[in-house]
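Colleague: Before I use these labels at the bench, I would like to hear what each one rests on.
Modeller: Ask about them one at a time, with the structure in view.

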Amino acid sequence: MKPDIEDAGDGSPGAVRELLAAAGISARRLRTVLRLLTERSLTLADLIRESGVDRRAVEALLAALGDDVVRDRDRLRIAAAAEPTYRALARVDQLAATDLADPLAPLMAANPGLLDQVQRWVAEAPQARKSLDHVPATAWTVARRALWLEASFDLDDARLLCVGDHDLTSLAVAAVNPRVAVTVVDVDDAVLASIDAAGQPSVRCLWSDLRFGLAPGARGWGDLVFTDPPYTPEGVRLFLGRGLEGLRQRDQARLVMAYGFGADHPGLGLKVQQAVAGLNLVYEAVLPGFNCYEGAQAVGSRSDLYVLRPTSHSPQSLDARVVNIYTHGAQSLEGAPVALDADVASALRAAAAGPAGLPVVAVGPGDPVTLTAVFAGSPPASVATSGVAVNLTGDPGGWLVRVLLALDAPRLALLVPNNHADLANEAAQRGLLETVGVKYRLKLRRSTPGPRHAIVEATRVNPDDLDPAQRTLRAVLDRAHGKVGNTWREALIRAAAATGVTMTKNEARAKIRESVATPWVLDEPLLWLPRHRITELIRTIGRGHAAAGPAT
């Protein structure tokens, strides 16, 4: 029976009662907000996160409470005199008596150091990028994910593929069970560098912009997939589709996904679930409110955990025709159009043609050659004799250097945002020049052809102008789609032969193994390695280790 509550002078309890009545069987979540407000002072963000109630509903309840809410700077609490009234209205005794026990609480208590370690990793992680829909999960959530995965699956000697991992779930899983091999694919090189810096030996990182494909080293590799994708139907389809491509066998495989939608937007949830159904995945479980976030207030700073299982009808590969998958920025579903203004397109083509008036091949969204073809290593043969005009206005940061590595043309002109990370300051520009300097001579034209854009002009360097160590490096850069170990080995053999020395393949391999601290990078194409790994390899090869002769 609901308590009989008399309205206070301002009528706030009556307004709250009407709000609870209108919520019907969903009123429990609003009663939880009331209970929290009677217990202690909370910021709005804390109130949303602890209750799991979306911001719009919380703000409606606060409006109904009116002057019965005491506001101390950014903190909120129901006035002491009104607490008994609202505790009765919230039926706090019934809430306490019917709260479900946390099944992971004993595991969290048994692993007291895990949360502290995850908090340290999170504190050292790069800043979240709104344009990539980064909303960090709390350290508490990341630790619980790892414990839940360990409790739900046999991870010993298994392979976990994290499709995107700005939350650092990979590190928590490796800390809980170092016997599981973990591969992370992510578009953000800073995230990959942060994960590598943690020094977990069972975790390796590969770069992938999932719109253009999955890193070769992750294809057909994993047993279990974890992903927290952009919360659009297109984003969910893409991340899960790439996860399917990353499985080595499907009979016992699972894909675990974090996803949530606002209580007032079931239509969006339906569209996402239809995208999941379009991949012919079976729902094995949905754990409500499992994930908690530092943000995402529109969905109550919470999301559910989905456990999905492939079927024989799930696609083996994904045709990723969607370019815009995010909810913010130029690459959002409502983002800027990809077509260039006529004057910008004209300036780009003129820069590609250069003084020699080369024929121009256009690369980019809507152009004859796509970026997907560039990253796959299948541009048309005409690139080898043409100026190439590349539209990289949608570059989230990792495309520019990789397109320079992927294409071998006499001249390139690459249009990027004027605030591109590789052009932002002198140190960044030096890093770019160091990476591709033996392949292309660069001219960085900021604010060209206007304040929003920059054009990077790249002119191919003549290999005859390079010293022996530089020519070895150049040979590796010119074959950025090949495995580093193979391209480096063949370059060493050719360099030795040029000095009259015969070097066998085994001798070249021995020289290379002496030079690298992480041997697994030799089995990956240069193009798909994280940026910091590319830099390390270029410095190692460029120093000329092993260029002088056979191993002794």
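**What the labels rest on**

Modeller: Just after H11, Gly199 takes a positive phi of about 75 degrees. The model is a predicted one.

Colleague: What makes the phi of Arg91 worth a remark?
Modeller: Most residues other than glycine have a negative phi. Arg91 is not a glycine, and its phi is near 55 degrees, a positive value. Arg91 sits in the loop between helix H5 (83-90) and helix H6 (92-98).

Colleague: Why is Arg91 called partly exposed?
Modeller: Its relative accessible area is 30%. Buried would need under 20% and exposed over 50%, so Arg91 falls in between and is partly exposed.

Colleague: What is there to see in the loop between S14 and S15?
Modeller: Ser447 is in that loop, with a positive phi of about 50 degrees although it is not a glycine. At 40% relative accessibility, Ser447 is also partly exposed. Pro449 lies in the loop too, between strand S14 (440-445) and strand S15 (453-460).

Colleague: How do you know that the peptide bond between Thr448 and Pro449 is cis?
Modeller: Omega is about 5 degrees there. Most peptide bonds are trans.

Colleague: Arg402 is in helix H16 (residues 399-406). Is Arg402 buried or exposed, and how do you know?
Modeller: The relative accessible area of Arg402 is 0%. The limit for buried is under 20%, so Arg402 is buried. Leaving aside neighbours within four places in sequence, Arg402 is in contact with residues including Asp189, Trp207, Phe375 and Arg531.

Colleague: Which residues of helix H11 (residues 189-197) are buried?
Modeller: Asp189, Val191, Leu192, Ser194, Ile195 and Asp196 are buried. The elements that cover them include helix H8 (112-124), helix H10 (169-176), strand S5 (181-186), strand S6 (203-207), H16 and H21.

Colleague: What makes the pairing at the start of H11 a polar contact?
Modeller: A side-chain oxygen of Asp188 reaches to within 2.9 Å of the backbone nitrogen of Ala190. The cut-off for an N or O pair is 3.5 Å, so the pairing counts as a polar contact.

Colleague: How do you know that Cys292 is not in a disulfide?
Modeller: The closest cysteine sulfur, in Cys162, is 20 Å from that of Cys292. A disulfide needs the sulfurs within 2.5 Å, so the distance is too far for a bond. Cys292 is buried, at 6% relative accessible area. The structure holds zero disulfides. Cys205 is in none either, with the nearest cysteine sulfur, that of Cys162, 9.2 Å away. The relative accessible area of Cys205 is 0%, and Cys205 is buried.

Colleague: Which residues have the most contacts inside the largest nonpolar core?
Modeller: They are Leu404 and Trp488, in a core of 129 residues. A second, separate core of 27 residues includes Ala57, Leu76, Ile78 and Ala82. Beyond its neighbours within four places in sequence, Trp488 is in contact with Thr472, Val476 and Ile541, among others.

Colleague: How do helix H18 (residues 468-477) and helix H21 (residues 531-542) pack?
Modeller: Their axes are 8 Å apart, at an angle of about 145 degrees. Ala469, Thr472, Leu473, Val476 and Leu477 in H18 meet Ile538, Ile541 and Gly542 in H21. Those residues divide into six nonpolar, two polar and no charged. Glycine counts as polar here, so Gly542 is one of the polar residues.

Notes. Residues numbered from 1 in each chain as written. Predicted model: local features only at pLDDT ≥ 70, side-chain atom pairs only at ≥ 80, totals over all residues. Heavy atoms only, no water. Helix = DSSP H or I, 4+ residues; strand = E, 2+ residues; numbered from the N terminus. Buried < 20%, exposed > 50% of the residue type's maximum accessible area, 1.4 Å probe, protein only. Core = buried A, V, L, I, M, F, W, Y, C linked by side-chain atoms within 4.5 Å. Contact = heavy atoms within 4.5 Å. Axes fitted to C-alpha atoms, helices over the stretch in contact; angles between N-to-C directions. Polar contact = N/O pair within 3.5 Å; in protein donor to acceptor, adjacent residues only side chain to side chain.
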